[in-house]
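Please look over the structure shown below before reading on. The briefing that follows takes a few of its parts in turn.

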Amino acid sequence: MPELPEVEVTRMGLADRLRGAQVQAVHVGSPLRWPLGVAPRTLHDLAIGELSRRGKYLWMPLAGRSRSGGLLWHLGMSGSLMLHERDAPPRGRHDHFELVSSAGTLRLTDPRRFGAVLWSDALDAEPARRLLAGLGAEPFDAGFTAQALHAACKRRRTSIKAALLAGDIVVGAGNIYACEALFRAGIDPRTRCNRLSLPRCDKLLAAVRAVLAEAVAVGGSTLRNFRNAHGSPGEFQVNARVYGREGLPCPTCQSAVRRVVQAQRSSFFCVSCQAR
Ligand SMILES: [Zn+2]
């Protein structure tokens, strides 16, 4: 499943190339998670602005004489975006949305069709406002401090792993990244949020940031169908220290990595290095 780093890598790969381009045609294929919300024809001639990201959503501002607003994109479980600058190959059976622009043809390929592209008059207008409302802080937002994380944790009794996956305190720590960040911070994934001290929250926030930054730097993870905007698979997963390594030695202390299931997801951790 594309996670925040993959979406950020996609954004970085597309933003410069699409900025200022003009929409020439929009082709909608099989239904995605939600309908587009406008007639595709009404998007013609609009100019593409600066691509931004909030959580796992991409926001593409569009402006013209007839209307302004933007498209909110989500890659769902299996989506990827690719910009064909010229000579786009014929649409394949999993290419469910296509935006033809003066900078090339942008395609959403999404075999499982949980992805979405939808029009919103603004980021703070419906439907974008509703979809983004429950999201936690952006991990790289300097305004999101260890104190803020600690305060949010104080109000919860769930495990820290479940809280990270829920994404309503801080976004971006999907399963791989949550496991890796908790390992680096020395925190057992089963630790109750309200028992985490401020210094441990400080370590955790730094670890979440470091893991996500590394993932962005290497181009996202290799999970399933993800291909970044340049069409090459990322490499993050090879750097995992505990994720997917049940029974293998912890890279720090050589104890066997353990796996438990939390919130229907596997948590991988080292009992010796990660304390409750
Ligand atoms: Zn260990």
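Is the crossing of helix 1 and helix 6 left-handed or right-handed? The crossing of helix 1 and helix 6 is right-handed, the term for a near helix turned clockwise from the far one by less than a right angle, whereas an anticlockwise turn would be left-handed. This is a predicted model, in which local features need pLDDT of at least 70 and side-chain atom pairs count only at pLDDT 80 or more, while totals for chains, interfaces and linings use all residues. Residues are numbered from 1 along each chain as its sequence is written, and side-chain values use heavy atoms, with hydrogens and water left out. Helices (DSSP runs of H or I, at least four residues) and strands (runs of E, at least two) are numbered from the N terminus.

**Helix 6**
- Helix 6 covers residues 198-218, and its 21 residues should span 30 Å at 1.5 Å a residue, which agrees with the 30 Å between its end C-alpha atoms; the expected span is 1.5 Å times one less than the number of residues.
- Its buried residues (under 20% relative accessible area, with exposed meaning over 50% and partly exposed in between, for a 1.4 Å probe and protein chains only) include Arg200, Cys201, Leu204 and Leu205.
- Seen down the axis of helix 6, the buried residues fall within an arc of 165°, so they line one face of the helix; the arc is taken from the directions from the axis to the C-beta atoms.
- On the other side of helix 6, Pro199, Lys203 and Ala217 are exposed.
- After helix 6 comes Gly219, which has a positive phi near 95°.

**Helix 1 against helix 6**
- The two helices pack at an angle of about 45° with their axes 9 Å apart, and they are therefore oblique to each other.
- In contact terms (heavy atoms within 4.5 Å), Pro5, Glu8, Val9 and Met12 of helix 1 meet Leu212, Ala215 and Val216 of helix 6.

**Helix 5**
- Of the 11 residues of helix 5, 10 are buried, so this helix is largely enclosed by the rest of the structure.
- The cover over its buried residues includes helix 1, helix 4, helix 6 and strand 11 (265-269).
- Just after helix 5, Gly186 has a positive phi of about 70°.

**Pro2**
- Pro2 lies in the segment before helix 1 and is buried, with a relative accessible area of 5%.
- Leaving aside residues up to four places away in sequence, Pro2 touches Lys56, Leu75, Gly76, Met77, Ser78 and Gly79.

Methods:
Axes fitted to C-alpha atoms, helices over the stretch in contact; angles between N-to-C directions. Parallel < 35°, antiparallel > 145°, perpendicular 65-115°, else oblique.
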